[in-house]
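Here is a short report for a reader meeting this structure for the first time. Please look over the sequence and the 3D view before reading on.

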Amino acid sequence: MRSPIDMLSAGVGFLTLCAAFIVLARLFAARHRRGWAVACRLVPVGVLAGFAGSSASALAFTAGAGLGLLWLAAVSARLLTTAPTAQR
């Protein structure tokens, strides 16, 4: 059984992760990466749905957390491989 402090901490973490995805969506839109921008706007819906469904099923919580972390890894890899080179 999860304590209220655990759920509060997870809620803050998930909301922060979702906010980061929304900010990244604006970055991808500015770079004309429409698919990445749309996905960055849709993934928070799945993450929050998983968190909301956590009271009914631990699997929902796990799916939402997994989706968020997998997308964070994908976005991080994308940004690292397309980072502009420093000019001297």
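The report below covers a helix pair, a nonpolar core and a few single residues. The model is predicted.

**The helix pair**

Start with helix H1, residues 4–30, and helix H2, residues 34–52. They pack at an angle of about 170°. Their axes are 7 Å apart. Angles over 145 degrees count as roughly antiparallel, and H1 and H2 are therefore roughly antiparallel to each other. Their crossing is left-handed.

Which residues of H1 and H2 meet? From H1 come Met-7, Ala-10, Gly-11, Phe-14, Leu-15, Cys-18, Phe-21, Ile-22, Leu-24, Ala-25, Phe-28 and Ala-29. From H2 come Trp-36, Ala-37, Cys-40, Arg-41, Val-43, Pro-44, Val-47, Leu-48 and Phe-51. By class, this contact has 19 nonpolar residues, 1 polar and 1 charged.

**The nonpolar core**

The largest nonpolar core has 16 residues. Phe-21, Leu-24, Phe-28, Cys-40, Trp-71 and Val-75 touch the most other members. Three elements each give two or more residues to this core: H1, H2 and helix H3, which spans 58–81. The largest share comes from H1, with 8 residues.

**Phe-28**

Phe-28 is one of the core residues that touch the most other members. What does Phe-28 touch, not counting residues up to four places away in sequence? The list is Arg-33, Trp-36, Ala-37, Cys-40, Val-75, Arg-78 and Leu-79. Among them, Trp-36, Ala-37 and Cys-40 also belong to the H2 side of the helix contact.

**Ile-22 and Ala-77**

Ile-22 lies in helix H1. Ala-77 is found in helix H3. Are they buried or exposed? Ile-22 is partly exposed, at a relative accessible area of 42%. Ala-77 is partly exposed too, at 40%.

Ile-22 also has contacts beyond its neighbours within four places in sequence: Cys-40, Arg-41 and Pro-44. These three residues are listed on the H2 side of the meeting with H1.

The table gives C-alpha separations for two residue pairs.

| Pair | Distance along the chain | C-alpha separation |
|---|---|---|
| Ile-22 and Arg-41 | 19 residues | 5.8 Å |
| Ala-77 and Phe-21 | 56 residues | 14 Å |

**In brief**

H1 and H2 pack with their axes 7 Å apart. The largest nonpolar core takes residues from H1, H2 and H3. Phe-28 touches residues including Cys-40 and Val-75.

How values were computed. Residues are numbered from 1 along each chain as its sequence is written. This is a predicted model: local features need pLDDT of at least 70, side-chain atom pairs count only at pLDDT 80 or more; totals for chains, interfaces and linings use all residues. Side-chain values use heavy atoms; hydrogens and water are left out. Axes are lines fitted to C-alpha atoms, for helices over the stretch in contact, and angles run from 0 to 180 degrees between N-to-C directions. Helices (H or I, at least four residues) and strands (E, at least two) are DSSP runs, numbered from the N terminus. Angles under 35 degrees count as roughly parallel, over 145 as roughly antiparallel, 65 to 115 as roughly perpendicular and the rest as oblique. A crossing is left-handed if the near helix is turned anticlockwise from the far one by less than a right angle, and right-handed if clockwise. Contact means heavy atoms within 4.5 Å. Ala, Val, Leu, Ile, Met, Phe, Trp, Tyr, Cys and Pro count as nonpolar, Asp, Glu, Lys and Arg as charged, and the others, Gly among them, as polar. A nonpolar core is a set of buried Ala, Val, Leu, Ile, Met, Phe, Trp, Tyr and Cys residues joined through side-chain atoms within 4.5 Å. Buried means under 20% relative accessible area, exposed over 50%, partly exposed in between (1.4 Å probe, protein chains only).
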